[in-house]
Protein chains: 2
Amino acid sequence: MFKELDPLLHSQLRLAVMSLLISVEEAEFTFIKEKTGATAGNLSVQIDKLKQAGYITVNKSFRDNYPLTQCKITKKGIKCFEIYVENLKSYLKPA
Amino acid sequence: MFKELDPLLHSQLRLAVMSLLISVEEAEFTFIKEKTGATAGNLSVQIDKLKQAGYITVNKSFRDNYPLTQCKITKKGIKCFEIYVENLKSYLKPA
DNA sequence: ATAAAGTAGTTTATAAAATAAACTAAAATA
DNA sequence: TATTTTAGTTTATTTTATAAACTACTTTAT
């Protein structure tokens, strides 16, 4: 009947992050922050959760003297996102 | 870019309840419990939240000596569910 | 008649999650 | 050189989800 929804993805902000990364393949922290409208603190926490789960990789470096955090979705992340979207449909379609 | 997701509906169990009520128009507590696989306690709490928000109406009576709780989606509930589904699409479609 | 088990829930307590506020550290600018 | 800005992280607080415990009654078995 109703499929399980990956709790890691069933979160507005983390879902938005994954949705962005699915399309752009790589994105900077500040870009994600701007696109999602999230606060830096919240975004930092949620990105870390996605990283811990292996859904994204995070690369930290410097650009023009400033810290630069880049995020990239993993194969696992893509797979889990697709499954989530598929499972979500069981809640949206009228029976 | 990303639309706001009604936090009341962005919950696996409450969304399942609303999804059921959208299609059947009226359902008993035990029916919802069975279909969603939720515990009675959890379901009781979530149904109350949906009721408080005016998304459903709850009618309590007795049938064959046992308490009977019937739930029905409201016009407001239908509208909010539809908006939720619409807004959710902004997260699912690859840009 | 009464003890045990079952039905249909509600309330309370606990765990987990989301979020905001405060903080760090350095760079740019006035 | 003091102030503001950039780019974040960490910690604390609030909210949410969930499970455990409880209520109240009914049915069935003894």
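**Notebook: the pocket and the two DNA strands**

I began with the lining of the largest pocket, which by class has 5 nonpolar, 4 polar and 1 charged residues. A reminder to myself: this is a predicted model.

**Entry 1, the pocket.** I looked up how much space the largest pocket holds and got about 150 Å³. Both chains turn up in the lining: Q12, L13, A16, T36, A38, T39 and N42 come from chain A, while F2, E4 and Y91 come from chain B. Which element gives the largest share of that lining? I found helix α1 of chain A, residues 12–24, with 3 residues.

**Entry 2, DNA strand C.** Next I listed the protein around DNA strand C and found 21 residues. The closest are S11 and R14 of chain A, with S44, K60 and T69 of chain B. I then asked what part of the strand lies within 4 Å of the protein: 72% of those atoms of DNA strand C belong to sugar or phosphate, and the rest to bases.

I went through some contacts to phosphate oxygens. K60(B) has a polar side-chain atom 2.2 Å from a phosphate oxygen of DNA strand C. For R14(A), the distance from a polar side-chain atom to a phosphate oxygen of this strand is 2.3 Å. N65(A) places a side-chain N or O atom 3.4 Å from a phosphate oxygen of DNA strand C. The elements giving two or more residues to this surface are α3 (40–52) of chain A, plus α2 (29–36), α3 (40–52) and β3 (66–73) of chain B. I noted α3(A) as the source of the largest share, 5 residues. By class, I have 8 nonpolar, 10 polar and 3 charged residues near DNA strand C.

**Entry 3, DNA strand D.** Here I found 22 surrounding residues, the closest being S44, K60 and T69 of chain A, and S11 and R14 of chain B. Of the atoms of DNA strand D within 4 Å of the protein, 74% are in sugar or phosphate and the rest in bases.

Which element supplies the largest share of the surface near DNA strand D? I read off α3(B), with 5 residues. At least two residues each come from α2 (29–36), α3 and β3 (66–73) of chain A, and from α3 of chain B. The classes are 8 nonpolar, 10 polar and 4 charged.

For contacts, I noted a side-chain N or O atom of K60(A) 2.2 Å from a phosphate oxygen of DNA strand D. S44(A) has a side-chain N or O atom 2.4 Å from a phosphate oxygen of the strand. With P67(A) I switched to the backbone: a polar backbone atom there is 3.2 Å from a sugar or linking oxygen of DNA strand D.

Technical notes:
Residues are numbered from 1 along each chain as its sequence is written. Chains are lettered from A and ligands numbered from 1 in the order in which they are written. This is a predicted model: local features need pLDDT of at least 70, side-chain atom pairs count only at pLDDT 80 or more; totals for chains, interfaces and linings use all residues. Side-chain values use heavy atoms; hydrogens and water are left out. On a 1 Å grid over the protein atoms alone, a cavity is a set of points where a 1.4 Å probe fits but cannot get out, and a pocket is an open set with protein on both sides within 12 Å along at least five of seven lines; lining residues have an atom within 4 Å of a point. Grid points are joined across faces, edges and corners, and a volume is the space filled by probe spheres set on the points. Helices (H or I, at least four residues) and strands (E, at least two) are DSSP runs, numbered from the N terminus. Ala, Val, Leu, Ile, Met, Phe, Trp, Tyr, Cys and Pro count as nonpolar, Asp, Glu, Lys and Arg as charged, and the others, Gly among them, as polar. A residue is near a molecule or strand if one of its heavy atoms lies within 4 Å of it. A polar contact is a pair of N or O atoms within 3.5 Å; within protein, one must be able to donate a hydrogen and the other to accept it, and residues adjacent in sequence count only if both atoms are side-chain atoms.
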